[in-house]
Structure formats: C-alpha cells, structure tokens
Amino acid sequence: MMMERLQCAELRSRIMTVTQAAALFRDGMTIGMSGFTRAGDCKALPAALAERARHETLRLNLITGASLGNDSDGVMADAGLLARRLPFQSDARLRRKINEGQVMFIDQHLSETVEQLRAGHIPKIDIAVVEAVAILPDGGIVPTMSVGNSASFVAQADRVIVELNTSMPTGLMGMHDIYVPEAYPGRQPIPLTEPDQRIGTPVIPVDPSRIAAIVVTNHPDSPSNVQPPDEDTRAIARHIIGFLEGEVAAGRLSDTLLPLQVGIGTIANAVVHGLVDAPFRDLRMYSEVLQDSAIALIDAGRVSFASASSITLSEPVSRRFMERLDEYARRIVLRPQEISNHCEIVRRLGVIAINTALEFDLYGNVNSTHVGGTRMMNGIGGSGDFARHAHLSIFVSKSVAKGGDISSVVPMVAHVDHTEHDVDILVTEWGLADLRNLAPRERAPRVIECCAHPDYRDELMDYFQRARAQGGHTPHLIGEALSWHERHARTGSMRSEQMACA
Ligand code: COA
C-alpha cells in the first residue's frame, strides 16, 4: 500500500510522526499550506502546531489556498498560533479573533496571492505543507481534492512537508493540471482557450531532496456545510434561468450558454441546483469551487465538463463521487487557483459569474465581506477575480437577513468589494435587476422595484427621490446614506419607527 503511494524510494526514510514534523517549525515563520474551501487541507499538522503553541511561543504567518476544514482554523486561532492569515477563511472562531484584532487577516483576491509571493510583496514561504494522494518516483506530488496555491508554495518554499493521505483514492491521479505562469518581464499568454484543455502537468514537480518530511494521515475532507435550497433560493434560481433564457431568445447567448462560475455558500449552490431543470445543454463550468450542485448537473447530463481548483462536497455526494470517480475524472480538471481565477482566461472564455452579496446598494455596489461595514465574514475569495472580468457579472442575495431586521438592499453599502462598474445583474427572491446600459439614476428605481423586500421599498424610494432632488450623477444624501446601518447597530433592526408601527 505504502509503496503504491510513496513511489520515490529515497523519501521512505523521511516518513516521520506529526510531532517530529511539527518540531521543524520556528516562531515567526511563514507557512504555505494546502487547502481550499475545506478540500485538500492538511489534516495532521494544524492540530500538532496548535498543540506546540499552547506550551511555547510559536506564532506563524499562515497562507493557504482558501478556507480549511477539520476546524483547523479555529483550533489554530484558539491556540494563539496565527499571527497573520491570508487569503480567505470561513471559520467562526478565527473570524472572532480577526474581528477582535488578534489575528491580522489579509483579505485578498484568490488569484493574487502567489503572484504577490513571487514578486516578494509577501514574505517568502519558509515551509510548504501539502496534502497528497501519492508521491511519484521523481518526487512529483499528486494533490488531493484541491490544488489551490500548493504548486507555487512548493516551488517557492525552502522546505516541503507532505501529508500523504491514504484515505484519498489513487484514482484522483490525473485529475489535476498544474501550470504556473512564466516570470516577468516577457510573460507569454496562458495557452488556455477551452475549459476542458490541459496545459500543464498532472503532478506538482519537486526535487525530492527538498522534501523534509512525510506524515501519513488517513482522514477524509470535512463535509461541506451548505444548507439545502429553500423557497427563496429556488426563486433566485428561477429569476436567473428566466434571464438566461431571455438572453438566448435575444440571440446574445446560445443554449449552451458560456462557461459558468458559481461562488461558494448555500445561495450559490442552490442557484446551480436550479439549472438541473433549465432548458440549457452541454454546459461547461470554469469555476473555482465545485459544490454538490455541480455534481448534480454532471449527473443530470447538463454539464459536460467542469474546471475548478477544488471540490467540496457533502457526505452523501462525496460517497457517490468516490464510488464513480472514473466517470467524474473524465469530466473534471483541478487547476492552481491563479489559473482557475485568472483574469486573462475569465475574459477570454466569456465566463458568466454568479456570486453572493451580503448587501448591495441602489447603484449596484456590492458588499460581500463586511457585516455592518466593519466585521469580517469570510473574505472576498474569488468573487472579485471573476466579477471584474466576466462576460456577465451576476450577484445574488436574499432580500433580507436576520428575520427581516436587515435589508440586503441599502441606500449605500457600508463596505465595497465590487464596485458598480463590475456588476451587471442583481437578483433576490423578488426579482432580477438588469443594470446593463443603465445610468445611476436609472439603476436605483430598477434595483428597488426588482430586488428590495416590499417592507423596505417605500423607504428606499423615498431616499432616492430626495437624493435625486438634490442632484448629482449618483444621487446620495451623504449624511443619511449609512443611516440604515447606524440604525441597525443602535436598535438591532434597520426598520424605521414608521415601519415598526405599520
Ligand atoms: N448583514 C448581516 N448578515 C448577513 C447579511 C447582511 N446583509 N446577509 C446575510 N447575512 C448572514 C446570514 O444571516 C447568515 O448568517 P448565519 O450564518 O448566522 O445564519 C450568513 O450571513 C450567511 O448567509 P447565507 O444566507 O447563509 O448565505 P451563504 O452561505 O450563501 O453565504 C456569503 C453568503 C456572502 C457570506 C458567502 O457567499 C461569501 O463568503 N462570499 C464571499 C466570497 C465569495 O463570493 N467567493 C466566491 C468565489 S468562490
């Protein structure tokens, strides 16, 4: 068994316990770890490093692909191990430490991290820790359920540690396509013109002499925690499908559409589920994460090929995926996140990007990250990589949150992740606002009428009308623009006194 996984004979002597491997880390180091939306994360070292941090001074700067599973971010944060964390997380305990100012979190476009490392804008990686299915005779590392930033971490680190996960099927070999862009100056175009194209190698190349330790693990990825579709998310899906049908009828898209990118989370997953019954065929995905819904579309014969950087699945879907791995392996490729999210390719392929907003405003600015304008939720992730360069940039949200106390449509967002220039379409359960070719004064009434919850529509319209009367290209009452957030912070609700009485 181990011979099949560890095919490089000279590395067999470097198998060690996780405690021995954890002893290689020093206070202040910068670490690059595999892991992207709970998939392909290291299962043993995070806990072992946290254990050390509980007994001695050990603070690390941790860079990953994206969020980790196995409560790793929470365990490391609670142990005081994390000094600096980037580029994305989604753990409640780490979120608390970030918002308390105890962990310095750098919320970054996911395509940019390794570019910044390469350029020296971020301190060099001391140790790369990557999860693998196998190590080939020449040292080549076969990643597991995500590629993320692992290839560049391995290329740039002083030393490499591999967590060899025997619970991951060897059938994953061949699903990955590792391509790292050339150096500046004189970088050539990335030669990818179709989602199903392979342009790199199936493994992460590494000189075996740089592998300092191998730790054997046997834990599956954490199951995804997305909730099933509900009435609201089904309505959002229906609006998007209706809109896309309209685009086909108008001759702007064919019934195979253009490659789809769909963001993380419950709402995005539900939207994709809706496509199972839509009249489109031979769809292709050029996305960052494949959730349960992508597998459902492949099963239904709607999606013929999916390119991503990670696959994060619920327990039952993961079981089915592993049982029929050969079938899925023909239809899926996993790439480094700088390629899955690369602006050059997103624009070239004409990607239709669907991402989720916490809130958006009358003019189309979107906040995806900061609750109340100050408290970090998860991070921008790849939404900005796609939204800016997409053929169509769609943002979805439920019209209200927290039982109706928060309107997701506000006069002015309290934090901007995606400016009005990057947003074409806004959707809630109430409808879809097509903002293309609309000036700000035309956008506002459309957003209110199509997307706002009826409880908040009159007040939004009243705000807009009073702002418009004052003038300006993008009318605002500056003293009042954020008053809805202020009211929520003060009273626990965005509802005004008049609304509460009505
Ligand atoms: N103000 C405060 N809280 C809000 C809110 C708002 N305007 N809108 C939503 N929320 C809360 C919800 O109540 C929910 O809280 P809970 O966890 O306490 O129940 C939480 O945010 C998540 O919302 P939910 O409706 O379950 O949506 P989701 O799981 O689809 O997540 C995002 C939505 C925005 C948090 C998530 O998509 C995200 O992190 N996006 C940014 C990264 C990204 O887009 N990546 C895409 C490229 S892969």
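**Exercise 1.** Does Arg93 count as buried, partly exposed or exposed?

*Solution.* Recall the cut-offs: buried is under 20% relative accessible area, exposed is over 50%, and partly exposed is in between (1.4 Å probe, protein chains only). Arg93 has 26% relative accessibility, so Arg93 counts as partly exposed.

The model is predicted: local features need pLDDT of at least 70, side-chain atom pairs count only at pLDDT 80 or more, and totals for chains, interfaces and linings use all residues. Residues are numbered from 1 along each chain as its sequence is written, and side-chain values use heavy atoms, with hydrogens and water left out.

**Exercise 2.** Find the salt-bridge partner of Arg118 and place both residues.

*Solution.* Apply the criterion: a side-chain nitrogen of Lys or Arg within 4 Å of a carboxyl oxygen of Asp or Glu. Glu338 meets Arg118 at 2.4 Å, N to O. Glu338 lies in helix 13 (residues 337-340) and Arg118 in helix 6 (residues 113-119), so the pair ties together parts 220 residues apart in sequence. Helices here are DSSP runs (H or I, at least four residues), numbered from the N terminus. Now check exposure. Glu338 is buried at 3% relative accessible area, whereas Arg118 is partly exposed at 29%.

**Exercise 3.** List backbone polar contacts to the ligand, then its coverage.

*Solution.* A polar contact is a pair of N or O atoms within 3.5 Å. A backbone N or O atom of Thr266 lies 3.2 Å from a ligand oxygen. For Leu358, a backbone N or O atom lies 2.9 Å from a ligand nitrogen. The protein covers 77% of the 960 Å² of accessible area that the ligand has on its own (Shrake-Rupley method, 1.4 Å probe).

Notes: Polar contact = N/O pair within 3.5 Å; in protein donor to acceptor, adjacent residues only side chain to side chain. Helix = DSSP H or I, 4+ residues; strand = E, 2+ residues; numbered from the N terminus.
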